[in-house]
Amino acid sequence: MSTVADRLEMYAIKLSDPACPTCRGLGLVFDPQGGGRKTGDFELCKCLASRVKAPEPPYEYYDETRNCIVPCPAKPARHAIERIRRLTEAARIPPRYMGNYLGPAMDQAEQKGDESTLMALDNAMGTISSFGKGDAYGLFLHGPPGSGKTHLACMVLNEIIRLYRKPALFAKVHRDVLSKVKSTFNTNSELYGEGRRIEEELAEIPVLVIDDLGVKAMTGFESQLIYDIIDSRYDYNRLTIITSNDPMDSFKEIAQGRVTSRLREMCREVFLDSPDHRLTHAL
Ligand SMILES: [Zn+2]
């Protein structure tokens with residue numbers, strides 16, 4: 001576990017003493033039953049909880065010896081927890097995948113000696129630390145339905161929000177990309193005329209999951225739209241994670257092969273075989 005945590009947290013934002021054996025300096029810990037939520041919640045690590053001077057916003061107190069108002073030692077971690085909650089909400093991660101983190105999944109796969117899952121988790125960890133390092137490479141997760149692709153993609157989003165507090169977004173390709181952009185052409189839609197804004201959001205968000213990208217039944221307009229989003233993300237050097245039932249190569253007929261060629265440059269291809277219960281039970 002310590003090596004997994006060390007690798008994951010190498011570039012994480014540290015808000016407490018790195019010598020703390022519980023949070024290793026993060027200042028916060030995830031409690032799967034926390035906050036009375038099914039999806040768990042974050043709380044201050046005990047290394048900070050024991051030093052709290054001001055438990056309410058704005059988390060500041062009067063220091064008699066210095067004769068001035070100073071921030072509580074736990075203030076940065078409290079703000080971090082609030083930011084994690086906001087970012088998680090904004091990321092539109094499906095509720096069943098909220099609160100899922102790589103550490104427990106890795107432990108479980110190790111106990112079972114499940115090499116294929118370990119390999120996929122290892123690639124996911126590599127992507128997370130590459131993002132922290134500022135040199136992110138994406139993931140192209142493919143495999144049959146139910147093999148845990150979406151689950152793994154969401155774990156990466158959860159980890160990035162936990163460790164780096166960067167905005168991320170989960171988008172199902174039909175519901176949140178293709179249909180949504182097409183509806184902006186409809187004068188009766190509340191999204192009428194918003195196409196450009198939606199495309200820009202998808203292009204610019206620091207971390208994006210495009211879930212369930214398929215080769216079949218893509219019209220010329222749809223494949224061009226997907227290419228434009230992927231190409232802009234490439235230009236901005238943004239982290240992109242794609243899940244698909246099809247291998248990367250099968251996209252080579254789409255948009256004259258430009259989608260595949262961009263994806264090759266941006267993403268590491270990872271195959272997951274079914275079934276997903278190995279990942280699900282790991283949590
Ligand atoms: Zn701690």
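# Exercises on a parallel sheet and a domain contact

In this predicted model, L139 of β5 stands opposite R268 in β9, and the exercises below start from that pair.

**Exercise 1.** Determine which strands pair with β5, and over how many bridges.

*Solution.* Begin with the side on which L139 stands opposite R268: here β5 is joined to β9 by 5 bridges, and the two strands run parallel. Then turn to β8, where the bridge partner of L139 is I241; β5 and β8 pair over 4 bridges, again in the parallel sense.

**Exercise 2.** Place β5 within its sheet, and identify the edge strands.

*Solution.* The sheet is open and consists of 5 strands with parallel pairing, in the order β6-β7-β8-β5-β9, which puts β5 between β8 and β9. The edge strands, each of which pairs on one side only, are β6 (168–172) and β9 (267–271). At the β6 end, β6 pairs with β7 (residues 207–211) in the parallel sense over 5 bridges, and A168 has V207 of β7 as its bridge partner. Finally, with direction ignored, neighbouring strands of the sheet are turned by 15° against each other on average.

**Exercise 3.** Decide whether the residues on either side of β5 are buried or exposed, and describe which helix lies across this strand.

*Solution.* Separate the residues by the way they point: G138, F140 and H142 point one way from β5, while L139 and L141 point the other way. The residues of both groups are buried, in agreement with the count for the strand, in which 5 of 5 residues are buried. As for the helix, α6 (residues 149–164) lies across β5 (138–142), and also across β6, β7 and β8 (239–244), running at about 170° to β7.

**Exercise 4.** Describe how domain 1 touches domain 2, and which elements contribute to the domain 1 side.

*Solution.* First take the bounds: the domain assignment of the protein chain gives domain 1 as 2–90 and domain 2 as 102–280, and the C-alpha centres of these domains lie 30 Å apart. Next take the contact itself, in which 15 residues of domain 1 meet 16 residues of domain 2. On the domain 1 side, the elements that give two or more residues are α1 (2–9) and α3 (75–90), and α3 gives the most, with 6 residues. By residue class, this side of domain 1 divides into 11 nonpolar, 1 polar and 3 charged residues.

Methods
Residues are numbered from 1 along each chain as its sequence is written. This is a predicted model: local features need pLDDT of at least 70, side-chain atom pairs count only at pLDDT 80 or more; totals for chains, interfaces and linings use all residues. Domain bounds come from an automatic or database domain assignment. Two residues are in contact if their C-beta atoms, placed from the backbone, lie within 7 Å. Ala, Val, Leu, Ile, Met, Phe, Trp, Tyr, Cys and Pro count as nonpolar, Asp, Glu, Lys and Arg as charged, and the others, Gly among them, as polar. Two strands pair if DSSP finds at least two bridges between them. Axes are lines fitted to C-alpha atoms, for helices over the stretch in contact, and angles run from 0 to 180 degrees between N-to-C directions. A residue is buried if 20 or more other C-beta atoms lie within 10 Å of its own, exposed if 12 or fewer, and partly exposed in between; C-beta atoms are placed from the backbone.
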